[in-house]
Amino acid sequence: TRTSKPKRILAYVEKHAVPGDAESVVNAIDAYCSRVEWAMNVGSDKGKILDRVVSETDPDTVLELGTYCGYSTVRIGRLLRPEARLVTIEMNPDNAKIAKQIIALAGLNSKIEMLVGSSSDLIPQLKKKLDMKTLDLVFLDHWKIFYLPDTRCLEETGLLHKGTVLLADNVVCPGTPEYLKYIRNSSRYRSEYFPSRLEYLQVEDGLEKSVFLG
Ligand SMILES: O=C(NC/C=C/[C@H]1OC[C@H](O)[C@@H]1O)c1cc([N+](=O)[O-])cc(O)c1O
Ligand SMILES: [Mg+2]
């Protein structure tokens with residue numbers, strides 16, 4: 001069958017990355033997407049900000065919304081302690097299949113669990129399904145219109161604790177106006193904007209870090 005962009009990314013990673021070396025998987029995807037074809041990975045500029053927030057938070061439990069090919073899943077997973085857990089939710093089964101292989105190649109299966117389905121369906125199940133007490137870090141990178149409803153759902157299902165960090169990609173491009181308006185005006189969060197560039201391009205974009213205050 002015809003290839004897809006995620007399949008071409010996987011093929012490049014299989015050829016150029018070192019199995020078990022998560023860093024080489026990240027670098028291979030960046031090399032492919034900067035030289036051959038653009039893809040909506042968070043990329044290396046915003047990725048360095050993501051790295052810093054993950055390291056400073058040093059989370060035991062992480063939720064990622066929007067796996068795509070698993071670039072940020074691997075980028076986050078490579079920084080987690082062995083006993084930490086990352087759950088990533090992807091609604092597109094074809095992308096999930098590719099991401100699973102990329103995560104396995106990075107040697108991160110023991111820390112990462114992928115759920116295939118819609119975030120609004122799966123978030124309410126997280127508490128019992130994965131015995132998730134609460135989340136230390138949430139990385140929002142799925143459909144931009146879902147950032148706000150999913151954040152409200154995380155609040156209502158008791159998955160956030162005092163100090164939980166929400167990190168949102170693309171708050172400038174493609175933009176998440178409703179989410180930004182809510183989170184920046186809510187007394188329940190302390191937010192900070194990290195300016196950067198859209199992946200592999202010279203367009204302005206950035207990450208919004210919001211700490212839940214309980
Ligand atoms: O739509 C974006 N992300 C959401 C993708 C959502 C779904 O599309 C494919 C995958 O199944 C995922 O669940 C996006 C778009 C751009 N962009 O420049 O268009 C840049 C980014 O970093 C993005 O995360
Ligand atoms: Mg993104």
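**Exercises on cysteines and a bound ligand**

A search of the whole of this predicted model finds 0 disulfides.

**Exercise 1.** Work out why cysteine 33 is in no disulfide.

Solution.
- Step 1. A disulfide is a covalent bond between the sulfur atoms of two cysteines.
- Step 2. The sulfur nearest to that of cysteine 33 belongs to cysteine 69, and it is 7.4 Å away.
- Step 3. The cut-off for a disulfide is a pair of cysteine sulfur atoms within 2.5 Å.
- Step 4. The value of 7.4 Å does not meet this cut-off, so cysteine 33 is in no disulfide.

**Exercise 2.** Decide whether cysteine 33 and cysteine 153 are buried or exposed.

Solution.
- Step 1. Buried means under 20% relative accessible area.
- Step 2. Cysteine 33 has a relative accessibility of 3%, so it counts as buried.
- Step 3. Cysteine 153 has a relative accessible area of 15%, and therefore it is buried.

**Exercise 3.** Describe the surroundings of ligand 1, starting with the pocket.

Solution.
- Step 1. Locate the ligand: the space that ligand 1 takes is the largest pocket.
- Step 2. List the neighbours: there are 15 residues around ligand 1, and those that come nearest are Glu90, Asn95, Asp141, Asn170 and Glu199.
- Step 3. Sort the shell by type: 6 residues are nonpolar, 4 are polar and 5 are charged.

**Exercise 4.** Find side chains that make polar contacts with oxygen atoms of ligand 1, and give the distances.

Solution.
- Step 1. For aspartate 141, a side-chain N or O atom is 2.9 Å from an oxygen atom of the ligand.
- Step 2. For lysine 144, a polar side-chain atom lies 2.9 Å from a ligand oxygen.
- Step 3. For asparagine 170, the distance from a side-chain N or O atom to an oxygen of ligand 1 is 2.7 Å.
- Step 4. Add the cover: on its own, ligand 1 has 530 Å² of accessible area, and the protein covers 85% of it.

Terms used:
Residues numbered from 1 in each chain as written. Chains lettered and ligands numbered in written order. Predicted model: local features only at pLDDT ≥ 70, side-chain atom pairs only at ≥ 80, totals over all residues. Heavy atoms only, no water. Polar contact = N/O pair within 3.5 Å; in protein donor to acceptor, adjacent residues only side chain to side chain. Areas by Shrake-Rupley, 256 points an atom, 1.4 Å probe, with all protein chains shown as cover. 1 Å grid on protein atoms, 1.4 Å probe; cavity = no way out; pocket = protein on both sides within 12 Å on 5 of 7 lines; lining within 4 Å. Sits in = over half its atoms within 2 Å of the grid points. Nonpolar A, V, L, I, M, F, W, Y, C, P; charged D, E, K, R; others polar. Buried < 20%, exposed > 50% of the residue type's maximum accessible area, 1.4 Å probe, protein only.
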